[in-house]
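Student: Before accepting the labels attached to a model, I would like to hear how each of them is justified. Could we go through them one by one?

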Amino acid sequence: MNQIISLRQMHVGQKGKIAKVEAQGEVNQRIRDMGLIPGASVSVVGRAPLRDPVALRLSGVTISLRNREADFIKVELPAESNAKGKQK
């Protein structure tokens, strides 16, 4: 079974598919304008030393997103990613 978590909870190297964007207003528009829409594949490629912002890779582009914005994005992790996370 696939697990759905917020983008902020993802670890470097994890991949998933955006399930839902829960932001409203201008934040919602900004997130969607960057290509972070339901169905898009996304992976976490890095984090700043204090874990904010997070660097994401989607559609061949690397973007940076603040954690407060990442909280609005729910990501569906593939089943094999869940199993790896439980073994750590």
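Tutor: What follows sets several labels against the criteria behind them, keeping in mind that this is a predicted model.

Student: What is the overall make-up of the protein, and in what pattern do its elements follow along the sequence?

Tutor: The protein has three helices and six strands, and along the sequence they follow the pattern β-β-α-β-β-β-α-β-α. Of its 88 residues, 35% count as buried, while carbon and sulfur atoms hold 51% of an accessible surface of about 5500 Å².

Student: Why is Ser6 called buried?

Tutor: Ser6 has a relative accessibility of 8%, and buried means under 20%, so Ser6 counts as buried. This residue is found in strand S1, residues 3-6, and, leaving aside residues up to four places away in sequence, Ser6 touches Ala70, Asp71, Ile73 and Lys74.

Student: Why is Val45 called partly exposed?

Tutor: The relative accessibility of Val45 is 44%, and the label covers values between 20% and 50%, so Val45 counts as partly exposed. Val45 is found in strand S3, residues 41-47, and the residues it touches, not counting those up to four places away in sequence, are Val12, Ala55, Leu56, Arg57 and Thr62. The C-alpha atoms of Val45 and Arg57 are separated by 6.5 Å, although the two residues are 12 apart along the chain.

Student: How do you know that S4 and S5 are paired, and in which direction do they run?

Tutor: Pairing requires at least two bridges, and five bridges join strand S4, residues 54-58, to strand S5, residues 61-65, so the criterion is met, and the two run antiparallel. Among the partners, Leu58 is bridged to Val61 in S5, and in the hairpin, which has two residues between the strands, Ser59 takes a positive phi near 50 degrees.

Student: How many bridges support the pairing of S2 with S6?

Tutor: Four bridges join S2, residues 15-21, to S6, residues 73-77, and these strands also run antiparallel; Lys17 stands opposite Glu76 in S6.

Student: What makes S1 and S5 edge strands?

Tutor: The six strands form an open sheet in the order S1-S6-S2-S3-S4-S5, with antiparallel pairing. S1 and S5 each have a single partner strand, so one side of each is left without a neighbour in the sheet, and they therefore stand at the edges. Neighbouring strands of this sheet are turned by 40 degrees against each other on average, direction ignored.

Notes: Residues are numbered from 1 along each chain as its sequence is written. This is a predicted model: local features need pLDDT of at least 70, side-chain atom pairs count only at pLDDT 80 or more; totals for chains, interfaces and linings use all residues. Side-chain values use heavy atoms; hydrogens and water are left out. Buried means under 20% relative accessible area, exposed over 50%, partly exposed in between (1.4 Å probe, protein chains only). Contact means heavy atoms within 4.5 Å. Accessible areas come from the Shrake-Rupley method with a 1.4 Å probe; for residues, only the protein chains shown count as cover. Axes are lines fitted to C-alpha atoms, for helices over the stretch in contact, and angles run from 0 to 180 degrees between N-to-C directions.
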